[in-house]
Amino acid sequence: MSEAALSEAPRRRRGGGRAGRIAVREAVPQPDRRPVRPGLPAGRFRPLSAGDMQLVYDTALSLLEDVGMGDPLDEFVEAAVPLGAWIDDAGRIRLPRSIVERAIETAAKEWIWHGFDDDRSVQVGGDHVYFGTAGAAVMIYDHVTGTFRDSVAQDVYDCGRLVDVLDNLHFYVRTVVARDIVEARHLDLTTAYAVMCSTTKPGGSSWFDPRWVYESVEMFDFVLGGAGEFEKRPFIAANNTFVVPPLRFAPDSAHCLVAQVRTGMPINLLSALQAGATAPAALAGALAQAVAECLGGLTFVNLLSPGHPCLLGLWPFVSDLRTGAMSGGSGEEGILNAAAAEIGRWLGLPTGVAAGMTDSKVNDAQAGYEKGLNVGLAGHAGANLVYESAGMLASLLACSYEALVIDNDMLGAINRTVRGIEVNADTLSAELIAEVIAGPGHFLGSPQTLELMESEYLYPLVSNRDTPEDWTDAGSKAAHDVAHDHVNAVLEHHWPTHISAATDTAVRDAFPIHLPAQGPPTAAPVSS
């Protein structure tokens, strides 16, 4: 804009603009008019060519037939051998291409991951992309002290309460391990209950033993009102790392996999290899191995129950080859996840990846650029579910409440870029431009401007857009300090009440729940 035009433009103090922005932030538009929404179509970023994907796929199928999967369960052998699979001299099960491709044909291409509140359910598959959490962090970063402490059961619940009110997080898979619980049965049941109680969004957890899978489903059925109710509306999914790379079943997790199939629980079939350590350092080789492992799991799931809701959990991690340490925030991780998402779309199978795994220990610039790069690529490549997209620090060893809030802003911005720009006669605005030139000379009072404030533009929760003067007048708070204030407000006031007090008491009488009863049941919810 020229100096003359600038001098003629309406002048105003940013303070008034700040009040206007606050008013917009507090206004809640209807879901179908929000600038970003869960499940927007994605997939414009394509790091691989069609020929590349065919080569990766062919290599994966060759690995399953020529190398096979080690330590198969009897259930897998009994289902696959009559169809042409065989056990070699090393005890590995070899899967002919025909069996795998038949499983791909019968696999569910889309399915509903229910929320406890069905209005918050997500449709997994197709070109829909959703962002959420996951992880097995063993520490919480304490914002006040700047130190790490062991994570406990209360953290599982409190992270879920935060996710429950953060609009740009669409599902909550447990983020931390409750290290205050030693006995495995108690840990599995308490974690599952803490996830269920903390949010009405779709939830997820992991299990050590198939017995606790069955018992958890009994608990879910009880809360829903009777036997078999969970299978009708499964609102908790399993993150199951069923494979020990390279290409070997993890027996305990594989037994849990069978239990999850039999109870109707959706499954994220996880291959969490590490390039340069448990997979080739060559990124293409790591990708091919991950695809082989996930397709092996998909094959056995669909032999046991054709069309069972599951997804390819292609989580290929990356090593810093100088030290062997995980490098979850690297550019290599970002492009590998994007390629994994594209392969899943090419196969027509629901696919999830892990992004947002910064290697930084605090909520700093490193955390910001690593998360933004990795989550942005995963979203634009069309991963149906982007796990670990918020809250994580220290290469997945730690979780931060403040990071959940900060990353929620990041996810909103990323999802806005996924939405893209709608180009049509109305949005091109040729008539409006002519009217403004002939009239007021600016667009500030245009009905279009006022209308699109809600539907086209996204306003962050904690990110600051004030002038330096206004920011200083407001206390000069950094984003992590503003996020900390929001965390405190949510944890003080937001107590989900979808599980009644009577039901909560009955569950605690029947199952070993090592999470204190949470109150106050009549507290007003905190809006995001």
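This section describes helix 3 and the cysteines of a predicted model.

Helix 3 comprises 17 residues, from 50 to 66. The distance between its first and last C-alpha atoms is 24 Å, close to the 24 Å expected at 1.5 Å a residue. Six positions of this helix are of interest for their burial: Met53, Val56, Tyr57, Ala60, Leu61 and Leu64 are buried. When the helix is viewed down its axis, the buried residues fall within an arc of 130 degrees, so they line one face of helix 3. The spacing along a helix offers background for such a pattern: an α-helix has 3.6 residues a turn, so residues three or four places apart point the same way. On the other side of helix 3, Leu55 and Asp66 are exposed.

The buried residues of helix 3 are covered by several elements, including strand 3 (93-94) and helix 5 (97-106). Helix 11 (283-304) and helix 12 (331-347) also belong to this cover. Just after helix 3, glycine 68 adopts a positive phi of about 80 degrees.

The cysteines were examined next. A disulfide is a covalent bond between the sulfur atoms of two cysteines. With a cut-off of 2.5 Å between sulfur atoms, the count comes to 0 disulfides. Cysteine 256 takes part in no disulfide, and the nearest cysteine sulfur, that of cysteine 310, lies 16 Å away. Cysteine 256 counts as buried because its relative accessibility is 1%. For cysteine 294, the closest cysteine sulfur is also in cysteine 310, at 9.9 Å, which is too far for a bond. Cysteine 294 has a relative accessibility of 0% and therefore counts as buried.

Key: Residues numbered from 1 in each chain as written. Predicted model: local features only at pLDDT ≥ 70, side-chain atom pairs only at ≥ 80, totals over all residues. Heavy atoms only, no water. Helix = DSSP H or I, 4+ residues; strand = E, 2+ residues; numbered from the N terminus. Expected span 1.5 Å × (residues − 1). Buried < 20%, exposed > 50% of the residue type's maximum accessible area, 1.4 Å probe, protein only. Arc of directions from axis to C-beta. Contact = heavy atoms within 4.5 Å.
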